[in-house]
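Colleague: Could you take a close look at one part of this model for a first-year student? I should like to begin with a proline loop, and then to follow the contacts and cores that lead on from it.

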Amino acid sequence: MTEDVQKHSVHTLVFRSLKRTHDMFVSDHAKSIALDDESHKLKMGVKLKADYDAVLHLPILKEGKDRASHLSGSMEGHQNYAQPGEDESVTACQMCFQSLLEGGGTRNSALMRRAPTMPKPQWHPPWKLFRVISGHLGWVRSIAVEPGNQWFVTGSADRTIKIWDLASGKLKLSLTGHISTVRGVAVSNRSPYLFSCGEDKQVKCWDLEYNKVIRHYHGHLSAVYDLDLHPTIDVLVTCSRDATARVWDIRTKANVHTLTGHTNTVATVRCQAAEPQIITGSHDSTIRLWDLIAGKTRATLTNHKKSVRTLVLHPRQYTFASGSADNIKQWMFPDGNFIQNLSGHNAIINTLAVNSDGVLVSGADNGTIHMWDWRTGYNFQRIHAAVQPGSLDSESGIFACMFDHSESRLITAEADKTIKVYKEDDTATEESHPVNWKPEILKRKRF
Amino acid sequence: MSLTSFLPAPTQLSQDQLEAEEKLRAQKSYSTALVASRREPPPYGHRKGWIPRSLEDFGDGGAFPEIHVAQFPLEMGRKKKTSNALAVQVDAEGKIKYDAIARQGQGKDKVIFSKYTDLLPKEVLNEDAPGLQKPDEEAIQELTEKTRAALEKQVSQKIAAAMPVRAADKQAPAQYIRYTPSQQGVAFNSGAKQRVIRMVEMQKDPMEPPRFKINKKIPRGPPSPPAPVMHSPSRKMTVKEQQEWKIPPCISNWKNAKGYTIPLDKRLAADGRGLQTVHINENFAKLAEALYIADRKAREAVEMRAQVEKKMAQKEKEKKEEKLRELAQMARDRRAGIKSHGDKGGEDSEARERDEIRHDRRKERQHDRNISRAAPDKRSKLQRDQDRDVSELIALGKPNPRSSGEAQYDQRLFNQSKGMDSGFAGGEDETYNVYDQPFRSGRDMASNIYRPSKNIDKDAYADDLDSLMHNNRFAPDKEFSGADHGQRREGPVQFEEDPFGLDKFLEQAKQHGGSKRPSTSNRSKDDYHDKKRRKE
């Protein structure tokens, strides 16, 4: 039976439906909705299964008893119970559960998370010796490569600074002026200057257009062991055996800051444009990160057990590595958070150098060179080059090493008075030199 | 049917629930208990007249502002001796901040690593992880600018002393500040609500010398507090490794300051004797062998030689014996021959024997005469020996002239039949009767006594010695004092006239046979008186 639908206005229709709804529900407006048992049960079951499934069958936790291991055990439990198609809610619940149990303490990500998949080290071709340059009459102590990659400079224990052509290895120039061993050389990439420092407390600035010394930076009280130039500011930083590092203004020769704090010889110094701008490593086995503006220590890293003789900053990453007789350690900027140990080179490490490809080279006092993959710490090559004929076998030691600016040649300054140049072996492939990566599995080996 | 009925009971109550429970408990205890087991402060509103006196009265909280009494919850606020104890601090999650000790002198923003987790290696991140990226260029440039400015300021301050004096630089002194003080009223600021302040930078005198002396040497200030040492715990020492590092005590081979007595094996322990192998040259063995061989050979040679000689000697002896036998045979034959001629020649044989003896003696005498004629001065060996003294002969080891084949018998053994007195001589020890004959029977005694002849000086002074002697030409007029007036000797030993009369004394002693006492003799008395007289 069809009825004629009364034609009302929209307003009327809406108002009427409103009224009807109001009448229907006004009586039990405040009352809660009656629970339908069956539907409720169903809802509960589904919700439990979906949200709290993993939590249902847990054993009772005991307070304060070996939380870490238990957590890992519980993690295992988690894995067992997790459904193949894990959704976010489960992980969220896991997180909640964790937070409940831990009481909100700081979490150690390494322990909490699942054991990470082992990172595979990147394959690097092995390096081989391809040139030996002899000409110095004493140990070759330091190396610097010119920004244009045409020549490089070496400072030696025979008190001379020699400039060699990079491509051919021929001697171009010999500079004399130091009274004792030349311990550090640096070439400025903003002005035609060469800086050198020696064990005679002198820091000299050579003008390369005239090949003469134009400035002396006077102030160190003892042998100056290393120097570095700031990449963006015209400032030179030198470090010395008098346990200080000094910051010099290049133009005015003024000693801007004296960075004190170390208690023993400061063996190495590095400068960078980002914070912290100066990093020093010392024979008191600490590394200090300095604030250049204030001239004060920002952080002290005391992880090393033996003298820190060398530092190197990664060219692209915001990390650096320090070398000492016990270990090579990698750290993160800007606070110096410890990343990992590179252990295996059991010798006094005199020098480190790093490549853009992630090749870290460590040269030791006994003449051995270890090549590492920066990211994983895998030692993929060990080289011990033979000494120059005429030298004793004990006269093998590496004092400095540096990559040239093309990162294809490694130049090392050695104790048998030679300079050795290494290059990558082109004929090697991944199959001929396989990666033999045996890291510590799961738990990081406890010391 | 609530969710809580399905889920297991929570193990940790949330903060709200805890508070609620405590409140309930407090109310209950307040209402029902006669004596409160735990001293809780009364709840807000019920505190009239109540004064918190002890530490527990404050419960969990602090001072009560509505109670107008000096209160020191947790002993805070009391005037006490300064202690450098740090207050226990708790971080946002409720854990106690233990590194407050390491952060004592530093600002709270300083980066200090003190936790165990800072020591653990972190997970190897991918190369493009965000944490590993350098800050972007703008940030770096900004930092560079800031640093450069700061360093410039520092440098200019340092070299300001060297810079020439310039005119004072003008600062625009046009800073005005509007200031609304907090204390307002009619009395302050003469009623005005606000003040305007004009800030001008003080002019620096360009000619001013430095204000402070910087040539003083002052001791360095204390260093910044040391950073916590983040070393991995030291490796465990195995027993084997500890044994390897054991150093034996030093026992010197030269000094022993405390004078310890140490057994020899300890003294030589550090010598390294057991470690070296002694290398002996093999030539030593060769030498020894060669010596043995040489010795053996020499012995053999000597033996052979001796044997040969013995044989030779034996042969000679045999020959001699043969000869003697022949001679004896001849003699026997002669005798037998003679005898066989006839026994009447017996007397002739005696005469012949006497003749033979005389012949022999004549021969000897002739022989001696010949020798003495030939070399009168040259003595024969026998004569030489005869002239020697007994002690010399004994020293030279010459054989006793009497030592012949015949046996020597002790004289005391002879004449044993004489009786007790014989031989043994009655037990007297003083008799010297070992030898029956003198060694040299006085034949050369005479020659041994020195008897100078008158002509002893013949060769030196010729024959007219007497005339020379009695020549007074060389006698001095004045002689030396203390010169000896001794006369010339005439004999070997010139005896003086004895001043003490000892000769006579001895003669008398001999005469009287030693029976009379010498003191009774007159002579001696006279001597004694003589002596006395002389003294007087």
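Modeller: Helices and strands are DSSP runs, a helix having at least four residues and a strand at least two, and both are numbered from the N terminus. The model itself is predicted.

With these terms, the loop can be placed. A:Pro276 is found between strand E14 (266-271) and strand E15 (278-282) of chain A. The peptide bond that joins A:Glu275 to A:Pro276 is cis, with omega of about -10°.

This loop leads to the other chain. Apart from residues up to four places away in sequence, B:Leu143 touches A:Ala273, A:Ala274, A:Glu275 and A:Gln277. A:Glu275 is thus a partner of B:Leu143 and also a member of the cis peptide bond with A:Pro276. B:Leu143 itself lies in helix H3 of chain B. Its relative accessible area is 12%, and B:Leu143 counts as buried because buried means under 20%.

The contact between the two chains may now be considered as a whole. Chain A gives 62 residues to the contact and chain B gives 49. The size of an interface is often expressed as the accessible area that is lost when the parts come together. Between chain A and chain B this buried area is about 5200 Å², and carbon and sulfur atoms give 61% of it. The count of salt bridges between chain A and chain B is 1. A:Arg316 forms a salt bridge with B:Glu127, and the closest N and O atoms are 3.9 Å apart.

The path continues into the nonpolar cores of the model. The largest nonpolar core has 20 residues, and those with the most contacts inside it are A:Ile279, A:Ile287, A:Leu289, A:Leu301, A:Phe320, A:Trp331 and A:Phe333. Strand E16 (287-291), strand E17 (296-301) and strand E18 (308-313) of chain A each contribute at least two residues to this core. Strand E18 of chain A provides the largest share, 3 residues. Apart from this core lies another, of 17 residues, which includes A:Ile233, A:Leu259, A:Leu292 and B:Leu151.

A:Trp331, which belongs to the largest core, merits separate attention. When neighbours within four places in sequence are set aside, its contacts include A:Ile287, A:Leu301 and A:Phe320, which are likewise among the residues with the most contacts inside the core. A:Trp331 is also in contact with A:Asn303, A:His304, A:Thr319, A:Ala321 and A:Ser322, and with A:Gly336, A:Asn337, A:Phe338 and A:Ile339.

A:Phe333, another residue of that core, brings us to a second cis peptide bond. A:Phe333 is joined to A:Pro334 by a cis bond with omega of about -10°. A:Pro334 lies in the loop between strand E20 (328-332) and strand E21 (337-342) of chain A.

Two further loops of chain A hold residues with a positive phi. A:Asn211, in the loop between strand E8 (203-207) and strand E9 (212-216), has a positive phi of about 55° although it is not a glycine. A:Ala243 is not a glycine either, and its phi is about 65°; A:Ala243 lies in the loop between strand E11 (235-240) and strand E12 (245-249). A:Asn211 is partly exposed, with a relative accessible area of 33%, whereas A:Ala243 is buried at 13%.

These details belong to a chain of 5 helices and 28 strands. Chain A has 447 residues, of which 51% are buried. Of the contacts in chain A between residues at least 6 apart in sequence, 47% join residues at least 24 apart. Chain A exposes about 22700 Å², of which carbon and sulfur atoms supply 53%.

Chain B offers a contrast to the buried B:Leu143. B:Val88 has a relative accessible area of 66%, and B:Val88 counts as exposed because exposed means over 50%. B:Val88 is found in the loop between helix H2 (15-32) and helix H3 (137-159) of chain B. Together with B:Val90, B:Ile96 and B:Tyr98, B:Val88 makes a nonpolar surface patch of about 440 Å². B:Ala87 also lies in the loop between H2 and H3 of chain B and is exposed at 55% relative accessibility. The C-alpha atoms of B:Ala87 and B:Ile101 are 9.9 Å apart, and these residues are 14 residues apart along the chain.

Methods: Residues are numbered from 1 along each chain as its sequence is written. Chains are lettered from A and ligands numbered from 1 in the order in which they are written. This is a predicted model: local features need pLDDT of at least 70, side-chain atom pairs count only at pLDDT 80 or more; totals for chains, interfaces and linings use all residues. Side-chain values use heavy atoms; hydrogens and water are left out. A nonpolar core is a set of buried Ala, Val, Leu, Ile, Met, Phe, Trp, Tyr and Cys residues joined through side-chain atoms within 4.5 Å. Buried means under 20% relative accessible area, exposed over 50%, partly exposed in between (1.4 Å probe, protein chains only). Contact means heavy atoms within 4.5 Å. Patches are made of residues with over 30% relative accessible area and no salt bridge: like charges are joined within 9 Å, nonpolar side chains (Val, Leu, Ile, Met, Phe, Trp, Tyr) within 5 Å. Accessible areas come from the Shrake-Rupley method with a 1.4 Å probe; for residues, only the protein chains shown count as cover. A salt bridge is a side-chain nitrogen of Lys or Arg within 4 Å of a carboxyl oxygen of Asp or Glu. Buried area is the accessible area (1.4 Å probe) that two parts lose on being put together, summed over both.
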